[in-house]
Amino acid sequence: MAVATRYEVVVGLEVHAQVLTQSKMFCGCSTDYLTTPPNANTCPVCLGLPGSLPVINRRAVEATIRTALALNCEIPEFSKFDRKNYFYPDLPKGYQISQYDLPFSRHGHLEFDVKGEMRRCGITRVHLEEDTGKLVHEGAIDQAQASLVNFNRAGVPLMEIVSEPDLRSADEAREYVMRLRAILQYIGVNNGDMESGQLRCDANVSLRPVGATELGTKVEIKNMNSFRAIHRAIEYEIGRQTEVLEAGGRLVQETRGWNDTRGLTVSQRTKEFAEDYRYFPEPDLPPLEVSREWVAEIRSSLPELPAARRERFVTGYGLTPYDASLLTSSQPMAEFFEETVRLGTPAKAAANWMLGDFSRLLNAEHTEIEQASVKPTHLQQLIALVESGVISGKMAKQTFEAMYRAPDPGPALAALRGSTQISGDAELEGIVAQVIGENAKSVADFKAGKQQALKFLIGQGMKISKGRANPQRLEALLKEKIT
Amino acid sequence: MLVDREISSVELTEAVLGQIDTVGEKTKAYLLVTRELARRQAKDADERLRANRDVRPLTGIPIALKDVLCVQDVVSTAGSKILKGFSPPYSATVVERLEAEGAVFLGKTNCDEFAMGSSNENSGYWPVHNPWALERVPGGSSGGSAAAVASGEAVAALGSDTGGSIRQPAALTGIVGFKPTYGRVSRYGLIAFASSLDQIGPMTRDVVDNAILLQAIAGHDPRDSTSSERPVPDYLSTLRNGVKGMRLGVPKEYFVAGMEPAVEQAIRDAIRLLEQQGASIEEVSLPHSDVALPAYYIIAPAEASSNLARYDGVRYGYQAEGAKNLIEEYMLTRQQGFGAEVKRRIMLGTYALSSGYYDAYYLQAQKVRTLIIEDFKHAFEKVDVLVGATSPTVAFGLGAKTQDPVAMYLNDIITIPANLGNVCGISVPCGLADGLPIGLQLIAPGFREEVALQVAYAFETATDFRKLQSPLMRAAA
């Protein structure tokens with residue numbers, strides 16, 4: 001970036017992650033809001049009907065503590081819920097049950113790397129709140145004559161993960177979110193789906209003169225629905241703010257929305273209209289005591305986290321830190337790699353394939369590795385053919401693409417093996433002659449009745465043909481010549 | 001009576017419905033009379049009684065429900081126009097418990113809008129008239145429930161008490177009204193005023209009925225996280241234990257300035273009578289009583305301002321017409337749907353919670369609340385029950401205090417501490433002044449409802465006050 005010289009970029013991120021629970025945060029309704037008809041998963045509690053009361057979903061609390069522990073947070077012994085008051089049609093009670101001054105956790109950090117270099121970003125807090133409903137406008141939002149509200153999402157548990165303003169570039173911000181997403185998936189609290197909004201990210205971006213310690217005027221950016229959008233929006237905002245400052249202007253503290261199609265941020269509301277949320281302790285829910293036993297129990301159930309796995313991939317498989325980072329950035333990716341290696345593939349080859357052609361194809365189609373038809377066994381077989389020299393790298397690449405595109409990669413793999421097999425007697429006879437010429441002793445052994453010798457001779461034939469000889473034909477021809 | 005088949009539930013219900021027909025226009029106690037529902041439930045109850053199948057103490061008893069209680073498919077408005085025509089798709093836990101008992105629901109009783117008031121004049125529909133003197137208020141906010149019981153328009157009723165809303169109207173209409181400890185009765189389905197103070201309780205003609213009704217509704221409810229898991233004692237088993245050897249405390253702060261001499265005299269007489277029954281009497285101090293009222297008028301409105309935010313015209317209830325945009329829709333709906341007192345408290349509460357004022361008001365009030373809890377704790381180290389007046393005055397005239405909100409607020413000056421202090425309080429009739437009832441308030445420690453009932457019963461049986469009937473009730477007999 002050309003602008004990075006005079007100003008230091010300061011970014012802090014607020015990530016909202018829906019918690020993968022069966023039922024909502026404060027009632028028994030299903031959290032499946034994506035596939036059910038509008039307002040099907042609602043009840044007096046999540047609709048905020050008069051007289052209804054919330055009851056805490058213990059699993060959602062557990063998931064939040066789990067997340068906080070994975071992010072190295074402290075878990076205080078006492079916590080409580082608070083009401084955040086504001087009016088909006090998607091908020092049925094006129095307040096959101098959230099956490100204000102006593103969240104479930106604080107003071108954590110997240111490590112990630114940018115181009116192989118390790119970075120650490122502070123985590124201010126991880127707290128739990130309820131999601132809102134969703135508005136559907138009839139036509140464009142500024143022209144709509146009516147809006148409809150779907151409350152299926154209202155009351156779905158939502159974690160808010162707030163970072164310190166420790167990020168210094170769009171690259172760092174993107175890597176932070178990628179690593180955070182991987183952790184949430186690893187520990188099974190969120191599915192990482194940004195497109196459907198199950199994982200959402202807002203960024204606070206400000207600039208300050210290099211060397212300054214005070215923070216500049218911050219701008220909050222919303223509506224970034226992919227890693228790419230996060231990166232582009234922050235880059236755009238850095239550019240915009242630099243221009244304002246360079247021109248001697250002053251920045252306004254405001255909220256701006258990222259418009260992905262137009263590639264720019266648009267002002268949504270300025271600080272003058274900012275809400276006073278009038279937070280106060282939720283009187284319908286008693287304060288929570290988080291026992292140390294419970295925290296210990298949750299901690300002991302945490303799986304191996306990306307950072308530890310990355311370390312193991314470097315020391316155990318001899319991968320470069322960069323490759324190890326990429327492979328551990330998503331749990332399914334890491335699982336795929338380990339399974340491929342377990343099947344007998346050299347680690348380096350498996351990593352190269354996965355981070356090369358495989359990732360390229362997945363990224364092009366925005367597909368996740370677990371949805372691909374290519375499974376570890378297919379990749380292992382393909383790599384084995386290359387490693388034994390049967391097929392060229394170029395051939396393998398072409399075949400891999402065919403395998404990737406087919407609903408079942410099996411036939412493409414079999415066809416590759418078939419097409420490279422030597423079955424013609426003329427060519428096979430040449431191999432047989434060479435085998436007999438170079439292994440007189442074994443031929444003699446066979447003639448003396450040692451059946452074992454034939455196996456050895458077939459093996460030699462396969463070796464000469466680099467595995468391409470049709471074993472049945474080779475055996476038949478060998479027998480013919482030496483009996 | 002019903003179990004002995006002296007009278008059937010249908011006969012009893014018809015008699016009460018008949019009384020509603022006769023005096024209903026005078027008291028205006030009900031917002032809605034559910035005649036068909038009552039008749040159906042009475043028939044079912046008789047069936048149950050005839051078959052002697054699961055007969056409970058309340059099987060077949062006609063009961064009135066304050067309009068703040070949700071009853072499935074029955075219009076429940078909390079006395080507010082903003083909920084006009086609103087039929088909840090579910091019933092409050094207390095309603096379900098009474099249904100399980102086989103009780104008969106007479107209808108929804110009038111009350112101050114969202115239970116905010118001490119005279120029932122803040123009802124979004126119409127004021128209630130005191131059965132003892134129709135030009136006077138019945139008290140509030142559970143004025144309709146009180147008037148219904150006092151006029152024979154119900155055998156018993158449920159009310160709700162946030163700062164005295166059961167006890168004060170009970171005192172002003174000559175009935176027994178009990179505010180249980182916060183957490184004793186589930187609030188699920190109670191249309192909220194102030195969540196940390198609201199509590200549902202029984203309003204009855206005598207203490208035994210009160211104990212029976214409380215027994216039916218008390219106990220933990222998994223749908224209300226603030227309801228207590230403590231077991232509910234058998235209130236009837238200790239009712240007749242008397243007051244001999246009990247220590248009664250008389251808080252000196254409860255004889256407030258402005259207390260009517262006749263009220264004070266009746267309370268002093270009542271205390272002497274309890275002493276004659278074998279209780280020891282000593283004066284105690286609840287030093288922070290004078291700041292209870294201001295603290296209450298921060299905490300309750302603060303919670304109310306948030307609780308009432310949901311009435312925005314988007315999903316149910318009243319929706320203003322002609323709004324040009326969303327903000328205007330909100331403003332018009334709330335301007336037209338809420339009454340003056342509700343708006344006043346929403347503004348008070350919003351202000352108290354605003355950034356920059358929170359520490360000075362809300363937080364300070366919470367600290368005062370802690371001091372009041374401590375006051376009670378210290379007093380109950382010395383005595384078993386506290387005795388004082390329920391209301392400093394007898395029923396006042398309709399319109400007498402409507403122009404002066406603070407004078408109205410002062411009605412609750414000796415009932416509010418029990419709500420802030422997490423204790424329980426019962427009001428029992430203790431005499432008349434110029435033909436108007438006076439209430440004696442008995443306050444017991446948190447979750448010691450049986451102690452309050454025991455003293456109340458001892459007092460009631462030592463006097464003839466329970467035989468006093470309002471003119472409307474006498475006319476029916």
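**Exercises on a predicted two-chain model**

In this predicted model, D73(B) has its place in the loop between β2 and α3 (93–101) of chain B.

**Exercise 1.** Determine whether D73(B) is buried or exposed, and state what sign its phi angle has.

*Solution.* Begin with the backbone: phi of D73(B) is near 60 degrees, which is a positive value in a residue other than glycine. Next, count the neighbours, with 12 or fewer other C-beta atoms within 10 Å as the cut-off for an exposed residue. D73(B) has 11 other C-beta atoms within 10 Å, and therefore it is exposed.

**Exercise 2.** Carry out the analysis for D54(B), giving its loop, its phi angle and its exposure.

*Solution.* The residue D54(B) is found in the loop between α2 (35–50) and β2 (62–66) of chain B. Its phi is near 50 degrees, again a positive value in a residue other than glycine. Because D54(B) has 10 C-beta neighbours inside 10 Å, it counts as exposed.

**Exercise 3.** Find which peptide bond from G140(B) is cis, and place the residue that follows in its loop.

*Solution.* The bond to examine runs from G140(B) to S141(B), and it is cis, with omega near 10 degrees. To place it, note that S141(B) belongs to the loop between β3 (104–109) and α4 (143–150) of chain B.

**Exercise 4.** Describe how chain B is divided into domains and how these domains touch.

*Solution.* Start with the bounds: domain 1 of chain B covers 9–248 + 382–476, while domain 2 covers 290–365. The centres of these two domains, taken over C-alpha atoms, are separated by 26 Å. Across the boundary, 26 residues of domain 1 of chain B are in contact with 22 residues of domain 2 of chain B. On the domain 1 side, the elements giving two or more residues are α12 (405–409) and α13 (416–420) of chain B, and α13(B) gives the most, with three residues. Sorted by class, this side of domain 1 has 15 nonpolar, eight polar and three charged residues.

**Exercise 5.** Describe the side of chain B that touches chain A, working from the contacts to the elements and then to the residue classes.

*Solution.* The contacts join 35 residues of chain B to 24 residues of chain A. On the chain B side, α8 (292–307), α9 (326–337) and α10 (340–353) each supply at least two residues, and the largest share, three residues, comes from α8(B). The residues of this side of chain B divide into 19 nonpolar, nine polar and seven charged. As for confidence, the model scores ipTM 0.95 and pTM 0.88, and chain B averages a pLDDT of 96, with 99% of the residues scoring at least 70.

**Exercise 6.** Identify which residues touch the most other members of the largest nonpolar core, and which element gives the most to this core.

*Solution.* The largest nonpolar core has 155 residues, of which I63(B), V385(B) and A456(B) touch the most other members. The element that gives the most to this core is α8(B), with nine residues. To see one of the three in detail, take V385(B): leaving out residues up to four places away in sequence, it touches M246(B), L248(B), L442(B), I443(B), A444(B), V451(B), A452(B) and V455(B). Apart from this core lies another, of 71 residues, including F26(A), C46(A), A154(A) and L184(A).

Terms used: Residues are numbered from 1 along each chain as its sequence is written. Chains are lettered from A and ligands numbered from 1 in the order in which they are written. This is a predicted model: local features need pLDDT of at least 70, side-chain atom pairs count only at pLDDT 80 or more; totals for chains, interfaces and linings use all residues. Two residues are in contact if their C-beta atoms, placed from the backbone, lie within 7 Å. Helices (H or I, at least four residues) and strands (E, at least two) are DSSP runs, numbered from the N terminus. Ala, Val, Leu, Ile, Met, Phe, Trp, Tyr, Cys and Pro count as nonpolar, Asp, Glu, Lys and Arg as charged, and the others, Gly among them, as polar. pLDDT is the predictor's confidence in each residue, from 0 to 100. A nonpolar core is a set of buried Ala, Val, Leu, Ile, Met, Phe, Trp, Tyr and Cys residues joined through C-beta atoms within 7 Å. A residue is buried if 20 or more other C-beta atoms lie within 10 Å of its own, exposed if 12 or fewer, and partly exposed in between; C-beta atoms are placed from the backbone. Domain bounds come from an automatic or database domain assignment.
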